[in-house]
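Hi,

Here is the structure I said I would pass along. Have a look at it first, and then read my notes underneath.

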Amino acid sequence: MNPTESESSSIAPHPRRIWPVFLVIAASLGTYMVASAAAFLLAIFLVTGQLSLDQLRDPDTAISVTESRLGFPIVVVLPQFALIAPCIIAAWLSPVGFANRLGLRRGNWPYWAWVSAMLATPLVGMTSGLVGGLFFEESDHLKELTRIFRQHGTDGFLIPLALMIGATPAICEELLFRGYVQTRLTDSLGRWFGRRITFPVGRAIGALLGLIIASLVFAAFHMDPVHVVTVFPIGLFLGWVAYQSGSIYPAMLGHFANNTLSVVITVLAPEEMPDTLALPSVMFAFAIFSAGMLGLAGSVLASLLFSHRPDHELI
């Protein structure tokens, strides 16, 4: 082996298996669906004190559950925890270590860049919603979510509701999609392409494909067609943040900020503006735009000043 071959071999590590990623995705979907059904049954029993086939056939039962301060958190939170069970198990068994496999590390961005990503994400979400609103009508699912949020928010439950919808997906979905799925895909695909092309180029191609695939899976898990389209750009941005920073913590902060603001804006929006894809009030829109542009500038600056290190160097 000549020196060039030796150097190339040391730079481009042996590729890792990619099939466990898709196994975890399938298992996560399965556990989420099963947990959703189980959580709904549990919520019915706790809210009504009974459980029968007649209740399951009655559409008013679902309304009673989602309007309950006990039932709604159950049907939201428990499935989210079930969603991440497979990736938690897979990360625990991973030879690279639990924290590294899930991207739970300090990374290479300073804390001000984390805040920048948090400020930028709602702007990405607002822009995506506005563009989506030009081509799609709000789905029945999104309309029902709007009704539920407003019902809870106007009954004095706004802060707990916003924190629940903000924090639970921010933690659980980031652990699965940016943590396990994207981290493993960018690592595996980067190594695979790196052994076939010049390693820096191959790693970049693999990272881009991993980011796109993880974002597509993230969007698809939202299931509602309109929601899938509008959350895909958010997934791309959060994936870029996670990759460039070398950590999923900034993506968690951005996800939390976007969801929390979405709930607050939905609840506080005038009743004559029920569409969640519409432009929020001028005050909210100006605040999101101003903070978001500042956050985008900070995120781009951080990506230039604190370049991403290859995954194999981090682990």
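Below is what I found, going from a surface patch to a helix pair and then a loop residue.

Bear in mind that this is a predicted model.

Let's start with the surface. There is a nonpolar patch with about 890 Å² of accessible area in total, built from Leu41, Leu42, Phe45, Leu46, Leu51, Leu53, Leu56, Leu70, Leu78 and Phe81. Helix 2 (19-48), helix 3 (53-57) and helix 5 (71-93) each put at least two residues into the patch. Helix 2 has the largest share, with four residues. If you want one member to click on, try Leu78, which is found in helix 5. Its relative accessible area is 38%, so Leu78 counts as partly exposed, the range for that label being between 20% and 50%.

Helix 2 also turns up in a helix pair. It packs with helix 8 (residues 140-194) at an angle of about 160°, and the two axes are 9 Å apart. Angles over 145 degrees count as roughly antiparallel, and helix 2 and helix 8 are therefore roughly antiparallel to each other. Their crossing is left-handed.

One backbone detail for you as well: which residue other than glycine has a positive phi near 65°? That is Met223. You'll find Met223 in the loop between helix 9 (199-220) and helix 10 (225-245). With a relative accessible area of 43%, Met223 is partly exposed too.

Cheers

How values were computed:
Residues are numbered from 1 along each chain as its sequence is written. This is a predicted model: local features need pLDDT of at least 70, side-chain atom pairs count only at pLDDT 80 or more; totals for chains, interfaces and linings use all residues. Side-chain values use heavy atoms; hydrogens and water are left out. Patches are made of residues with over 30% relative accessible area and no salt bridge: like charges are joined within 9 Å, nonpolar side chains (Val, Leu, Ile, Met, Phe, Trp, Tyr) within 5 Å. Accessible areas come from the Shrake-Rupley method with a 1.4 Å probe; for residues, only the protein chains shown count as cover. A salt bridge is a side-chain nitrogen of Lys or Arg within 4 Å of a carboxyl oxygen of Asp or Glu. Buried means under 20% relative accessible area, exposed over 50%, partly exposed in between (1.4 Å probe, protein chains only). Axes are lines fitted to C-alpha atoms, for helices over the stretch in contact, and angles run from 0 to 180 degrees between N-to-C directions. Angles under 35 degrees count as roughly parallel, over 145 as roughly antiparallel, 65 to 115 as roughly perpendicular and the rest as oblique. A crossing is left-handed if the near helix is turned anticlockwise from the far one by less than a right angle, and right-handed if clockwise.
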